[in-house]
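Visitor: I've just loaded this one and would like to talk through its empty spaces, then a few single residues. Let's take it piece by piece.

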Amino acid sequence: CLWVRNLRLKRRLPGPYAWPVVGNAMQLGQMPHITFAKLAKKYGNVYQIRLGCSDVVVLNGDKAIRQALVQHSTEFAGRPNFVSFQTVSGGKSMTFTNYSKQWKMHRKIAQSTIRAFSSANSQTKKAFEQQIVAEATELVEIFLKLSAQGQYFNPAHELTVAAANVICALCFGKRYGHDEVEFRAMLQRVDEFGQTIGAGSLVDVMPWLQSFPNPVRSVFKNFKSLNKEFFGFVQSKVEEHRKTFDPEVTRDMSDAIIGVIDKADNDNGLTKGHTEGTVSDLIGAGLDTVSTALHWIILLLAKYPELQTKLHMLIDKVVGRNRLPSVEDRSCLAYLDAFIYETMRFTSFVPVTIPHSTTSDVIIEGLHIPKDMVVFINQWSINHDPLKWKDPHIFDPSRFLDENGSLDKDLTNNVMIFSAGKRRCIGDQIAKVEIFLFFAILLHQCSFEKCPDEDLSLNCSYGLTLKPLDYKITAKLRGELTKVQ
Ligand code: HEM
C-alpha cells in the first residue's frame, strides 16, 4: 500500500513541481494560507513545497493537523533554525527557540508567570480584570474624542496602545498614555514584526537575497532594527527592575521572572539574557494578536449594523445602563462570545502558526516526514473547511449558539486560532478575557458606524497576523458615560 511504499523508499511527499532556485516561492501569492488550502485539494492534506533552499511540509485540515500536533506532539514541537528567529530577543526567546530540555523549562516559567498574574487566585484575577477595565474605559474616551463633531478615524493605533498597556502593566507595573510619542512610535514599528515571522516569508529560505538590494532585504533590515529597538526597550525596563529588586516583594511579571531565572540557582542552562527574552516574548505576543482581534471586531460591528443592534439590546438587557459589563456577566452574554468565536473563525487572523519543525522522523496520514523538516500549520484551512462549517465564507455568530441560546462548546472547540500541542499559545486564557472585556465595554458605551461613502472591505494584509486594511469609523456615545464603580 501507498504508505509502506513511501516509508520504504522515503519518497518525496506529494506536492507541486518545484522550480530551480525559487522552488514554489513565486506561487504563494498575496494570501499564502488560501494557496495552501487550494494545493491541499490537489495533493491531499499533507504535502510538500519548496521555498528557495528549504523543503516545507504543509499540513491542512483538522485531522492531519491534530494528528500531528496532538498525537505526535513531541515530533512537531521544534522550530526551524531560521536567521530571523535568531534575531528575536538576542536569540534568547522561548517562542522562537527549538525544542530541548532547556526550552521546556523556559516555557514552564513563562506559563506559570502568566498564571500567577492573571488567574492564580481570586485576587490576581480581580486585579487583572480591573487593569483591562481601566484601559477599556480610557479607550472609550479616546474614541469619543476622535469622533468629535461626527469625525471618522482609524482605530488601529489606539487599539495597539491599549493592548500594549495591558501587557506592559503586567510586565512592568507601568502603563503609557495614548499620547506618549516614543512609546507610540515603537509600537508602530513593532507592528511590522509579523511580516517577517509569518509563514512564507522569504528571507529565511533565500539567503542569497541578502547580497543585493531588493524588497526582501529591506524588509529584513527593517526587521533587525525593530527587534533591536524593541529588545532595547525591554532590556532597559528589566535592568531598572534588577536595580530595585526585592526578593520579598514581587511587583510584576518582570520581578517574578528575575526571581526565577536571574536569582535562582538553576542548572537548566537558562541565563540572565533569558529573563529579557521571556519578558519580550510575553509583551510581543500580547501586542499584535489582541489588538488585531479588536480591530476586526470593530470592523465587523460597523459592517453588520443589524448584528450590532442585536448585541446592544442584549447587553442593555443583561447589564443595564448603570454599571459596566464584567466577566461575571459572561455566561449571560453568550452572543458576545459567539461573535468573538465567529471573528476568530471567519477572519482566522493568525492563519498559519509560527513555523514548526520536526524533532524526529514521523508518519502523518501514512506519509513519512523526515526529522528537521520545516512545517507550516494552516489553521485557516480548519476554520474554513466546508465539511465542518455550513457556509464557511459567511459571517454568522449564531452558528455557535445551541437551541437554548447557549454557547455550543463542541463547536467553539473546533475553531483553531491558538494552535494545539506543545507549542500551543500560552496566553489564550488572558487573551480571551481581554478581548471579551474590551469588546463588552466598547459595545456597552458606544455604537460604531462606518463612513457612508466607504464600503468596509474585508481585505487584509498577510503576515503572522492578518490585519484589516486601514478603515475609518466613528463612535457615538450610547446614553451617559458610565464610570467605573
Ligand atoms: C504562540 C495565537 C495572545 C503568548 C502562539 C501561536 C499562536 C498564538 C497561533 C503559535 C503556536 C504555534 O506555533 O503552534 C494567539 C492569539 C492570541 C494570542 C490568536 C490572541 C487572540 C497571546 C498573549 C500572550 C501569548 C496575550 C501572552 C501574553 C504566546 C507565547 C507563544 C504563543 C509565549 C509561544 C509559545 C511557544 O512557542 O511555545 N500564540 N496568541 N499569546 N503565544 Fe499566543
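Visitor: Which residues line the second largest cavity?

Guide: Its lining consists of Leu 51, Phe 82, Ile 197, Gly 198, Gly 200, Ser 201, Asp 204, Val 205, Pro 355 and Phe 376. A cavity here is a set of points, on a 1 Å grid over the protein atoms alone, where a 1.4 Å probe fits but cannot get out, and a lining residue has an atom within 4 Å of a point. Please keep in mind that this is a predicted model, in which local features need pLDDT of at least 70 and side-chain atom pairs count only at pLDDT 80 or more, while totals for chains, interfaces and linings use all residues. Residues are numbered from 1 along each chain as its sequence is written, and side-chain values use heavy atoms, with hydrogens and water left out.

Visitor: OK. How much space lies in that second largest cavity?

Guide: About 50 Å³, where a volume is the space filled by probe spheres set on the grid points, which are joined across faces, edges and corners.

Visitor: And how many cavities does the structure hold?

Guide: There are three of 30 Å³ or more, and the largest cavity has about 1,000 Å³ of space. That largest cavity is lined by 49 residues, and the closest to its centre are Ala 285, Gly 286, Thr 289, Ile 354 and Cys 425.

Visitor: Which helix gives the most to the lining of the largest cavity?

Guide: Helix H12 does, with 10 residues. At least two residues each come from H5 (101-118), H7 (156-172), H8 (181-190), H9, H10, H12 (272-303) and H17; helices (H or I, at least four residues) and strands (E, at least two) are DSSP runs numbered from the N terminus.

Visitor: Cys 425 caught my eye there. What is the only protein donor of the iron atom of the ligand?

Guide: That is Cys 425 itself, whose SG lies 2.3 Å from the iron. Donors are N, O and S atoms within 2.8 Å of the metal (3.2 Å for Na, K and Ca), and since water is not among the atoms, sites may look incomplete. In the chain, Cys 425 sits in the loop between H16 (409-412) and H17 (428-445).

Visitor: Ser 419 is close by in the numbering. Is Ser 419 buried or exposed?

Guide: Ser 419 is buried, because its relative accessible area is 8% and buried means under 20%, with exposed over 50% and partly exposed in between (1.4 Å probe, protein chains only). Ser 419 is found in the loop between H16 and H17, and its phi is positive, about 65 degrees, although it is not a glycine.

Visitor: What about Asp 372: buried or exposed?

Guide: Asp 372 is exposed, at a relative accessible area of 54%. It too is a non-glycine residue with a positive phi of about 65 degrees, and Asp 372 lies in the loop between strand E5 (367-369) and strand E6 (374-377).

Visitor: Back to empty space. How much lies in the largest pocket?

Guide: About 510 Å³, where a pocket, unlike a cavity, is an open set with protein on both sides within 12 Å along at least five of seven lines. Its lining has 19 residues, with Gln 195, Gly 200, Ser 201, Leu 202 and Tyr 462 nearest its centre. Helices H9 (193-197) and H10 (215-243) each supply at least two residues of that lining, and the largest share, four residues, comes from H10.

Visitor: Gly 200 again. How far apart are Pro 305 and Gly 200 in space?

Guide: They are 36 Å apart, C-alpha to C-alpha, and 105 residues apart in sequence. Pro 305 belongs to helix H13 (residues 305-319) and is partly exposed, with a relative accessible area of 45%.

Visitor: One more residue. What is Lys 388 in contact with, leaving aside its neighbours within four places in sequence?

Guide: It contacts Asp 62, Ile 382 and Asn 414, contact meaning heavy atoms within 4.5 Å. The C-alpha atoms of Lys 388 and Asn 414 are separated by 8.6 Å, and the two residues by 26 along the chain. Lys 388 lies in the loop between H15 (379-383) and H16, and counts as partly exposed at 30% relative accessibility.

Visitor: And overall, how many helices and strands has the protein?

Guide: It has 17 helices and 10 strands, and its C-alpha atoms fill a box of roughly 70 × 55 × 45 Å along the principal axes. Of the 485 residues, 57% count as buried, and 74% of contacts between residues at least 6 apart in sequence join residues at least 24 apart.
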